[in-house]
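Welcome, and thanks for opening the viewer. Please load the structure below, and we will walk through it one selection at a time.

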Amino acid sequence: MSTPRFDEATQKELQQFLDREQANMRMQSTIHTFTEMCWDKCITGSSFGRFSSKEEQCLSSCVERFLDTSLFIVKRIRNLPRE
Amino acid sequence: MFGRSSSSSTPPPPPPAPSSSAPFAPAPSSSSMQAQKEALMDQVRQETALSNAQALIDKIQDKCYARCITKPSTSLGSSDEACLGRCMDRYMEAFNIVTRTYVERLARERQAEATRFQQE
């Protein structure tokens, strides 16, 4: 039998730490996807001067409406009449 | 900028071997175990920050190359570089706006969830 490197409490702490880091990574990855999607939708010019308030608004609405869409779809599927 | 900073500025010690394959001798003292734990956590934090930065750089490369270098010529001209520079700034700004919006939305959803739960 090998001696464990960490005692039980430390192992548990590390596991929780890794779970948090993984959740963090998933969230970061979602944010990268959203940024790409919303950049393509909202930032269409190619002068790249400072964002207009319209562009900023578009970026944040893009995220909000995507999430609304996701909630809407789930809700509608749940309410579909069963055969 | 990537929302993470290591608690110490010293470079991390070499990575410890995976614990499952570490038939190491006597149980480490609690202080050295503490240090090993911190080192492991620091290393994971650094790797997450690095992979996040890499992902951002890759997207910037894709997006800004597509928009700025529409007709590749024999060299990267100064107007190309100016465009790339501004595009990078804007992309990172967009990343920050998206992050803020998403984080705030998650907080609101969580709040709504908690309120609903309390009412039941």
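## Starting at a serine

Select A:Ser61 first: this residue sits in helix α2 of chain A. Keep in mind as you look around that the model is predicted. Is A:Ser61 buried or partly exposed? Its relative accessibility is 23%, so A:Ser61 counts as partly exposed, given that buried means under 20%. Now add A:Cys38 to the selection. Although 23 residues separate A:Ser61 from A:Cys38 along the chain, their C-alpha atoms are 9.1 Å apart.

## The rest of α2 in chain A

Widen the selection to residues 53-79 of chain A, which form α2(A). With 27 residues at 1.5 Å each, α2(A) should span 39 Å, and the 38 Å between its end C-alpha atoms agrees with that. Next, colour the buried residues of this helix: A:Leu59, A:Ser60, A:Cys62, A:Val63, A:Glu64 and A:Leu67. What do they pack against? Their partners are α1 of chain A together with α2 of chain B.

## Back along the chain to the loop

Now move to the loop between α1 and α2 of chain A, where you will find A:Phe48. Check its backbone: A:Phe48 is not a glycine, yet its phi is positive, at about 55°. With 4% relative accessibility, A:Phe48 counts as buried.

## Helix α1 of chain A

Select residues 8-42 of chain A for helix α1. How far apart should the ends of its 35 residues be? At 1.5 Å a residue the expected span is 51 Å, and the end C-alpha atoms lie 50 Å apart, which agrees. Buried residues in α1(A) include A:Leu14, A:Phe17, A:Ile31, A:Phe34 and A:Trp39, along with A:Glu21, A:Gln28 and A:His32. To see what covers the buried residues, switch on α2 of chain A as well as α1 (30-68) and α2 (78-119) of chain B, which are among the elements that do so.

Zoom in on A:Thr35, which also belongs to α1(A). A:Thr35 is buried, with a relative accessible area of 1%. Draw a C-alpha to C-alpha distance from A:Thr35 to A:Ser60: the two are 25 residues apart in sequence and 9.9 Å apart in space. Which residues does A:Thr35 touch once its neighbours within four places in sequence are left aside? They are B:Tyr91, B:Ala94, B:Phe95 and B:Val98.

## Across to chain B

Show chain B in full; its secondary structure consists of two helices and zero strands. Of its 120 residues, 24% are buried. Taking the contacts within chain B between residues at least 6 apart in sequence, 68% join residues at least 24 apart.

Look at how the two helices of this chain meet. α1(B) and α2(B) pack at about 135°, and their axes are 9 Å apart. That angle makes α1(B) oblique to α2(B), and the crossing is right-handed. To see the contact, select B:Leu56, B:Lys59, B:Ile60, B:Lys63, B:Cys64, B:Tyr65 and B:Cys68 from α1(B), then B:Asp80, B:Cys83, B:Leu84, B:Cys87, B:Met88, B:Tyr91, B:Met92 and B:Phe95 from α2(B). Coloured by class, the residues of this contact comprise twelve nonpolar, no polar and three charged.

## Where the chains meet

Display α1(A) and α1(B) together. Their packing angle is about 10°, with 11 Å between the axes. α1(A) is therefore roughly parallel to α1(B). The residues of this contact divide into eleven nonpolar, six polar and nine charged.

For the last stop, display α2(A) with α2(B). These helices pack at about 40°, with their axes 9 Å apart, and are therefore oblique to each other. Their crossing is right-handed. On the chain A side, pick out A:Glu56, A:Leu59, A:Ser60, A:Val63, A:Glu64, A:Leu67, A:Asp68 and A:Leu71. Opposite them, select B:Glu93, B:Ala94, B:Ile97, B:Val98, B:Thr101, B:Tyr102, B:Arg105, B:Arg108 and B:Glu109 of α2(B). Which classes appear in the contact of α2(A) with α2(B)? There are eight nonpolar, two polar and seven charged residues.

Methods. Residues are numbered from 1 along each chain as its sequence is written. Chains are lettered from A and ligands numbered from 1 in the order in which they are written. This is a predicted model: local features need pLDDT of at least 70, side-chain atom pairs count only at pLDDT 80 or more; totals for chains, interfaces and linings use all residues. Side-chain values use heavy atoms; hydrogens and water are left out. Helices (H or I, at least four residues) and strands (E, at least two) are DSSP runs, numbered from the N terminus. The expected span of a helix is 1.5 Å times one less than its number of residues. Buried means under 20% relative accessible area, exposed over 50%, partly exposed in between (1.4 Å probe, protein chains only). Contact means heavy atoms within 4.5 Å. Axes are lines fitted to C-alpha atoms, for helices over the stretch in contact, and angles run from 0 to 180 degrees between N-to-C directions. Angles under 35 degrees count as roughly parallel, over 145 as roughly antiparallel, 65 to 115 as roughly perpendicular and the rest as oblique. A crossing is left-handed if the near helix is turned anticlockwise from the far one by less than a right angle, and right-handed if clockwise. Ala, Val, Leu, Ile, Met, Phe, Trp, Tyr, Cys and Pro count as nonpolar, Asp, Glu, Lys and Arg as charged, and the others, Gly among them, as polar.
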